[in-house]
Amino acid sequence: MKRIGVISIGANSIKLMLSEVEDSGYFKIIDELKGTVRLACDLMNSSTISEEKIESALSTLKSFKSLCTLSGASQIITVITEDISAAENKEILKDRIIKELNITPRILTYDEEIYYIYLGIINSMYSETSLMVDIGGTSTHLAVIKGEELLERATIPIGCVNLSNKFSLRDIITYDNAESANEFVENILKEIPWLKKYEFHNIIGLGGSIRNLCKVDRRKKHYPLDLSHNYSMNDYDISDIYNLMKCKNLKQRAKIDGLSSDRADVILGAVTILNRITKYTNIEKITLCGRGLREGILNQYLNQNYPSSKEDILEFSIHGIMETLNMNVSHANNVYRLTKKLFTELKSLHKLGDNYQNIIKTSALLHDCGISIRYYDHHLHSMYIILNSHINGLSHKEILISGFAAAFHRNNNFHIPLVKFSGILNKLDVAATEKIGILLRIAEGLDRSLDGSVYDLNISIKEDTVEILLYSNNDLDLEIHQALRSKDKFSEIYQKELIIKKAEI
């Protein structure tokens with residue numbers, strides 16, 4: 001295990017991501033810091049970055065390096081985004097970073113930035129045909145991602161800072177300025193021919209501004225999960241936030257619940273860009289990706305230094321959590337195998353489709369992860385870990401159902417709190433969770449000896465009963481007894497009596 005810091009020096013801010021990397025190449029973020037330096041503000045009216053801003057940047061970087069060093073980071077990867085490349089004295093900034101901090105930053109091109117952001121996306125979420133939108137301080141990156149392919153890319157010279165400055169969107173906003181800003185953005189979008197070429201499934205949004213807009217939307221809706229990655233909004237949500245913000249001055253905007261005070265002066269520039277993109281492309285869904293440039297840089301480093309082939313992003317994420325928490329991998333795999341078999345054999349009863357396979361995989365493989373906190377009530381701790389771990393490839397609904405199904409695996413009266421999570425789940429979701437959860441509970445019982453004694457099973461569905469026939473070379477009295485503790489709950493959910501027997505071999 002090692003620790004690696006990634007620092008990005010951008011037009012609006014300097015950000016640090018400190019990660020802990022396991023031997024498999026799985027990483028988790030253990031600390032993050034941001035310094036709002038606004039280097040690009042000097043470049044609005046000048047071709048150089050002021051000495052004051054350089055000193056502020058160096059002071060921030062010294063603090064970041066100190067944190068990395070004291071945390072045991074073996075390497076600090078530092079990049080400067082191309083927004084800063086317009087500065088005539090950018091080499092002076094780079095040389096002073098090298099001289100005073102003994103860190104050698106690399107100045108990225110826009111194409112490199114887009115590529116790293118793309119790596120961050122494909123290693124953390126699934127996509128169909130998506131339009132990537134990353135709004136920075138003085139530029140916005142656009143790209144087409146289909147599956148794991150990067151098909152198109154472009155960078156437009158507007159971001160939250162320079163658009164807000166150009167059309168006086170920082171404080172009181174006039175009708176004429178707002179309309180001029182919208183027209184300006186749309187005219188730039190018209191210069192990108194491929195924006196009208198694709199049928200986009202969604203926008204994948206990145207960057208601090210879009211992340212902050214999602215936070216405002218979550219607070220507005222009283223969203224029950226404090227998760228940003230994979231959070232989705234609709235185009236009318238963006239339009240509502242735009243109309244809300246443009247009617248307020250800076251002081252009033254700073255009081256909007258969820259809006260960071262250090263973004264209140266430039267957020268109108270960001271929401272203008274995003275709102276105009278949704279209207280121009282007719283894309284209705286915006287999904288936030290919480291892993292972008294810095295994660296993409298780290299992913300490239302891991303691909304180069306950890307040659308073991310990566311699995312599917314969900315499996316890699318789950319197995320990384322299992323490795324970190326020192327779980328009993330053999331038992332987890334046995335429970336997953338049995339749960340999956342039960343689910344397949346009982347399809348005619350539960351009538352759930354294969355879209356639940358990722359939920360079964362997650363809940364079964366991580367059902368015991370709560371033991372890392374405490375054995376007693378570990379089903380609840382497992383639920384907490386699943387809900388609060390960064391599991392790649394799952395929607396928020398899938399994360400919730402996985403966590404609740406895992407909590408269902410003990411023989412107790414766990415109750416799914418539908419009222420609390422009604423903004424995400426409905427009664428049909430609760431019913432599906434119970435159908436999966438009881439199968440997981442039975443599978444847990446069938447591997448109670450932790451030795452994989454049950455190597456196969458067959459199910460016979462009759463008018464009033466479900467009979468499970470177990471195949472094993474061992475005595476199964478303990479396993480059958482444990483599994484049959486679920487028979488009353490099984491009967492309540494599936495409306496049939498549960499019978500479990502060992503097959504005669």
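Which helix does Asn 182 lie in? The answer is α6, the helix that runs through residues 175-189. Keep in mind as you look around that this is a predicted model. Asn 182 is buried, because its relative accessible area of 6% falls under the 20% cut-off. If you set aside its neighbours within four places in sequence, Asn 182 is in contact with Tyr 242, Thr 272 and Arg 276.

Now let us step back to the whole chain. The protein has 20 helices and 14 strands. Its radius of gyration is 26 Å, close to the 23 Å that the globule rule gives for 505 residues, so the protein is as compact as a globular protein of that length. Along the principal axes, the C-alpha trace spans about 85 × 50 × 40 Å.

What about the inside and the surface? Buried residues account for 55% of the 505 residues. The protein exposes about 21700 Å², and carbon and sulfur atoms supply 46% of that area. As for charge, there are 60 positive and 65 negative charges, and their mean positions are 3 Å apart. Contacts also tell us how the chain folds back on itself: among those between residues at least 6 apart in sequence, 71% join residues at least 24 apart.

The domain assignment is a handy map for the next part of the tour. It gives domain 1 as residues 2-107, domain 2 as 125-290 and domain 3 as 313-502. The C-alpha centres of domain 2 and domain 3 lie 39 Å apart. In the contact between these two, nine residues come from domain 2 and 15 residues come from domain 3.

For a look at helix packing, go to α16, which covers residues 378-388. Its buried residues are His 378, His 379, Ser 382, Met 383, Ile 385, Ile 386 and Leu 387. These buried residues of α16 pack against two helices, α15 (357-365) and α17 (396-407).

Finally, turn to Lys 2, found in strand β1, which spans residues 2-9. Is Lys 2 buried or partly exposed? Lys 2 is partly exposed, because its relative accessible area of 27% lies between the 20% and 50% cut-offs. Not counting residues up to four places away in sequence, Lys 2 touches Ser 19, Glu 20, Val 21, Ser 74, Tyr 301 and Tyr 306. Take Ser 19 from that list: Lys 2 and Ser 19 are 17 residues apart along the chain, and their C-alpha atoms are separated by 8.4 Å.

Note on methods:
Residues are numbered from 1 along each chain as its sequence is written. This is a predicted model: local features need pLDDT of at least 70, side-chain atom pairs count only at pLDDT 80 or more; totals for chains, interfaces and linings use all residues. Side-chain values use heavy atoms; hydrogens and water are left out. Helices (H or I, at least four residues) and strands (E, at least two) are DSSP runs, numbered from the N terminus. The radius of gyration is taken over C-alpha atoms; the globule rule is 2.2 Å times the number of residues to the power 0.38. Buried means under 20% relative accessible area, exposed over 50%, partly exposed in between (1.4 Å probe, protein chains only). Contact means heavy atoms within 4.5 Å. Accessible areas come from the Shrake-Rupley method with a 1.4 Å probe; for residues, only the protein chains shown count as cover. Lys and Arg count as positive and Asp and Glu as negative; His and the chain ends are not counted. The place of a charge is taken as NZ of Lys, CZ of Arg, CG of Asp or CD of Glu. Domain bounds come from an automatic or database domain assignment.
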